[in-house]
Amino acid sequence: MRVGFIGTGSMGSILIEAFIRSGALNPEHIVATNRTLAKAELLAEKYPGMQVARSSKEVTVGADLLFLCVKPSEYKAVIDEIQDHALPGQIVISITSPVLIRHLEELLPSKIAKIIPSITNFVLSGATLCIYGDRLTPEDKELLDNLFSHVSAPIRVSEQYTRISSDLSSCGPAFLAYFVQKFVEAAVDTTGISEEEATQLASEMTLGTGKLLTTGGFSPAQLQKRVAVPGGITAEGLRLMEKELCGVFYDLIRTTHSKYEEDLEKVEARFFGTKVD
Ligand SMILES: NC(=O)c1ccc[n+]([C@@H]2O[C@H](COP(=O)([O-])OP(=O)(O)OC[C@H]3O[C@@H](n4cnc5c(N)ncnc54)[C@H](OP(=O)(O)O)[C@@H]3O)[C@@H](O)[C@H]2O)c1
């Protein structure tokens, strides 16, 4: 199998490294290109056998799977370059939410999947969101589920819920890391505990909490109830958080969705020349 990657920035390189480290792909399976070629060359130095191509066209020709790992604003240039070379038998995988399956199906003859990774895939953990276009066969879907199961829990979602699912799964690590950072900063400022020690404690806590919520059989509500004994210290803390933070999550979702709508409009304008206000 030949797996092509167009774009080896943050996400493209995380996916390549995770696939290789998990044993899902050998470097020999992979051919990649990047606008700044040095980034792809560095990866190839690290993983001998991986090939670097000088253009998106070169990656596309002969690829069974083709990953598009560029930002929404960069899609148009890539599609223009590969449009005449992509084939119906190939599977093209987009990893970005505001480029819709139907956008790519209109522009390419290939089978289209949208699979949204997460930085957590770097440590072979977290979810990947799998949205499959109608051109994929059941065998194609099984192939992709199987590939991504080496680096994540592949979860099939409806395209209608891509944005909210990405908020939870792909933006979530940044949001949670913000929570940890602020907790640590307050701990250091208030008590003088070292930043290193506080960060270690908060990070181990985050890992353990994740395990309890995934394999430990706890729901978020059950976990709070188990820790916060009535009249105890945690219960006091939770009462404060409920008062101060509850509305933040509604605002957060409104904010990410409004940025998504903006990106979607820009993508449609770039691809199809529709008017952007
Ligand atoms: N970051 C995340 O946690 C995350 C999670 C899920 C999904 N995503 C999605 O992944 C996509 C990529 O994000 P990212 O964080 O990886 O961005 P990034 O670090 O900016 O990577 C994009 C890469 O694409 C390259 N590129 C741009 N135009 C190109 C072209 N025409 N031909 C070849 N390569 C080209 C860029 O090259 P240069 O080196 O020249 O800039 C850059 O290395 C985004 O759409 C994002 O929504 C990201």
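Two residues are in contact here when heavy atoms of one lie within 4.5 Å of heavy atoms of the other, and this meaning of the word will be needed when the tour reaches a pair of helices. The model on your screen is a predicted one.

**The whole chain.** Begin with the full protein chain shown as a cartoon, in which you can look for ten helices and eight strands. The C-alpha trace spans about 65 × 45 × 35 Å along its principal axes, and of the 277 residues 40% count as buried.

**The sheet.** Next, select the eight strands, which form an open sheet with mixed pairing, and follow them across in the order β3-β2-β1-β4-β5-β6-β7-β8. At the edges you will find β3, residues 51-52, and β8, residues 153-156, each of which pairs on one side only. Now select residues 91-94, which are strand β5, together with residues 111-116, which are strand β6; these two run parallel and are joined by four bridges. Within this pair, Ile91 stands opposite Lys111 in β6.

**A helix on the sheet.** Add residues 162-191, helix α7, which packs on the sheet and touches both β6 and β7, the latter being residues 127-132. The direction of α7 makes about 160 degrees with that of β7.

**Two helices together.** Keep α7 in view and select residues 195-214, helix α8; the axes of the two helices come within 9 Å and cross at roughly 140 degrees, and the crossing is right-handed. Which residues of α7 meet α8? Show the side chains of Leu176, Val180, Val184 and Val188 in α7, which meet Glu195, Ala198, Thr199, Ala202 and Thr206 in α8. The residues of this contact divide into six nonpolar, two polar and one charged.

**The cores.** Finally, turn to the largest nonpolar core, which has 30 residues, and select Phe5, Phe19, Phe67 and Leu144, the residues with the most contacts inside this core. Helix α1, residues 10-21, gives the largest share of the core, namely five residues. Centre the view on Phe67: leaving aside neighbours within four places in sequence, Phe67 is in contact with Val3, Gly4, Phe5, Ile6, Leu15, Phe19, Ile93, Ile95, Leu147 and Phe148. Apart from the largest core lies another, of 25 residues, and you can locate this second core by selecting some of its members, including Ala53, Leu107, Leu108 and Ile116. In soluble globular proteins, nonpolar side chains tend to be buried together.

Terms used. Residues numbered from 1 in each chain as written. Predicted model: local features only at pLDDT ≥ 70, side-chain atom pairs only at ≥ 80, totals over all residues. Heavy atoms only, no water. Pairing = 2+ DSSP bridges. Axes fitted to C-alpha atoms, helices over the stretch in contact; angles between N-to-C directions. Left-handed = near helix turned anticlockwise from the far one by under 90°. Nonpolar A, V, L, I, M, F, W, Y, C, P; charged D, E, K, R; others polar. Core = buried A, V, L, I, M, F, W, Y, C linked by side-chain atoms within 4.5 Å. Buried < 20%, exposed > 50% of the residue type's maximum accessible area, 1.4 Å probe, protein only.
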